[in-house]
Amino acid sequence: CNLKPGAERLIRHLDSHNIPICIATGSSTADFNAKTSSHGDLISLMKFVVKSDDPEVKHGKPHPDIFQVAMSRFEVPGPASPQNVLVFEDAPNGIKAAMAAGMCSVMVPDPRRKWPLCVDTTA
């Protein structure tokens, strides 16, 4: 799976400034491993990865579970509140999940998919 433009630079920048980062993906462990097999050096910079088949994730996106689990796993002192978490997402359901978790989010659309320009954020 190819990285989005700027992803590697952003990850390395955050890591170099000791800003803790993780991945909270809607992919299963098998799918995640297949998608990231050539990016081990970047994945190693993550504090952890939460995948959709994690036993603590009861409901998938657009439910907030995966982001809530991720926030709970940061070492103390972790984010003081969900508003201290910034989520980068590539799908409308992920944006909805971040909002439901009370987190700020940035949409980074997947160029291979045709999403509407705006996501209904009231749902």
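A nonpolar patch on the surface of this predicted model is formed by Leu 10, Leu 86, Phe 88 and Val 106, which together offer about 320 Å² of accessible area. Patches here consist of residues with over 30% relative accessible area and no salt bridge, with nonpolar side chains (Val, Leu, Ile, Met, Phe, Trp, Tyr) joined within 5 Å and like charges within 9 Å; a salt bridge is a side-chain nitrogen of Lys or Arg within 4 Å of a carboxyl oxygen of Asp or Glu. Areas follow the Shrake-Rupley method with a 1.4 Å probe, and for residues only the protein chains shown count as cover. Phe 88 belongs to strand S3 (residues 86-89), strands being DSSP runs (E) of at least two residues and helices (H or I) of at least four, numbered from the N terminus.

Turning to the interior, the largest nonpolar core has 15 residues, and Val 50, Ile 66, Phe 67, Val 87 and Met 103 have the most contacts inside it. Such a core is a set of buried (under 20% relative accessible area) Ala, Val, Leu, Ile, Met, Phe, Trp, Tyr and Cys residues joined through side-chain atoms within 4.5 Å. Two or more residues come from each of H4 and helix H5 (92-100), with H4 giving the most, 4 residues. Another core, of 9 residues, lies apart from this one and includes Phe 32 and Leu 45.

Residues are numbered from 1 along each chain as its sequence is written. Local features need pLDDT of at least 70 and side-chain atom pairs pLDDT 80 or more, while totals for chains, interfaces and linings use all residues, and side-chain values use heavy atoms, without hydrogens and water.

Notes
Buried means under 20% relative accessible area, exposed over 50%, partly exposed in between (1.4 Å probe, protein chains only).
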